[in-house]
Amino acid sequence: MAGFAGGLGRGVVEGPFEMIKVRRQVIEDLSPFWRGGMCANMAWMTIWPLDVVKSRAQSGKFEGVGMVQLLKDAAKDGHLWRGVGPGLTRSFIANGSSMV
């Protein structure tokens, strides 16, 4: 009986909050194309510097150099964000289209 009363009380207290939270999450201000493209670009912006470092490590030109040093060198040389414009454009179109 205690579990039933606790569950009922919790449902009464948290039910309205959860309903409002879910409604706010599913409001469609933007089309799926725009939301998919923006989410993909945010993901790429967080990972782009690490992808540059990974590509440098895989190139074979930097044998024996650690990842932290590769990151520092890429930032110092100005190559850390190189190619981000075309990459984000491609990502926006490809991922936005997949959401339609």
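K72 sits in helix α3, one of the helices that, like strands, are read as DSSP runs (H or I over at least four residues for helices, E over at least two for strands) and numbered from the N terminus. With a relative accessible area of 52%, K72 is exposed; on this scale exposed is over 50%, buried is under 20%, and partly exposed lies in between (1.4 Å probe, protein chains only). Keep in mind that this is a predicted model, where local features need pLDDT of at least 70, side-chain atom pairs count only at pLDDT 80 or more, and totals for chains, interfaces and linings use all residues. Residues are numbered from 1 along each chain as its sequence is written, and side-chain values use heavy atoms, with hydrogens and water left out.

**The nonpolar core**

- W48, V52, A74, L80, V84 and L88 make up the largest nonpolar core, six residues in all. Such a core is a set of buried Ala, Val, Leu, Ile, Met, Phe, Trp, Tyr and Cys residues joined through side-chain atoms within 4.5 Å.
- Two or more of these core residues come from each of α2 (32–59) and α4 (84–98).
- Inside that core, L80 touches W48, P49, V52, L71, A74 and A75, leaving out residues up to four places away in sequence. A contact here is heavy atoms within 4.5 Å.
- As a rule of thumb, nonpolar side chains tend to be buried together in soluble globular proteins.

**Helix α2: bend, packing and end**

- There's a bend of about 50° in α2 at I47, and a proline, P49, follows within four residues. The bend at a residue is the angle between axes fitted to the seven residues ending there and the seven starting there.
- The buried residues of α2 are G36, G37, A40, N41, W48, P49, V52, V53 and R56, and they pack against α3 (67–77) and α4.
- Just after α2 comes G60, with a positive phi near 90°.
- V53, one of those buried α2 residues, has its C-alpha 9.4 Å from that of K72, with their positions 19 residues apart along the chain.

**Where α2 meets α4**

- N41 belongs to helix α2 and counts as buried because its relative accessibility is 17%.
- Setting aside neighbours within four places in sequence, N41 is in contact with L88, S91 and F92.
- On the other side of that contact, S91 is found in helix α4 and is buried, as its relative accessible area is 0%.
- S91 touches A40, N41, W44 and G96, again not counting residues up to four places away in sequence.

**The salt bridge**

- The count comes to one salt bridge, taken as a side-chain nitrogen of Lys or Arg within 4 Å of a carboxyl oxygen of Asp or Glu.
- The pair is K54 and D51, whose side chains meet at 3.6 Å, N to O.
- Both K54 and D51 lie in helix α2, three residues apart, or about one turn of the helix. An α-helix has 3.6 residues a turn, so residues three or four places apart point the same way.
- K54 is partly exposed at 36% relative accessible area, and D51 is partly exposed at 24%.

**A nonpolar patch on the surface**

- F4, L8, V12 and V13 form a nonpolar surface patch with about 450 Å² of accessible area together. Areas come from the Shrake-Rupley method with a 1.4 Å probe, and for residues only the protein chains shown count as cover.
- Patches take residues with over 30% relative accessible area and no salt bridge, joining like charges within 9 Å and nonpolar side chains (Val, Leu, Ile, Met, Phe, Trp, Tyr) within 5 Å.
- V13 is placed in helix α1 (residues 2–25) and counts as exposed at 63% relative accessibility.
- V12 is found in α1 too, and V12 is exposed with a relative accessible area of 59%.
- From V12 to G60 it's 62 Å, C-alpha to C-alpha, with the two residues 48 apart in sequence.
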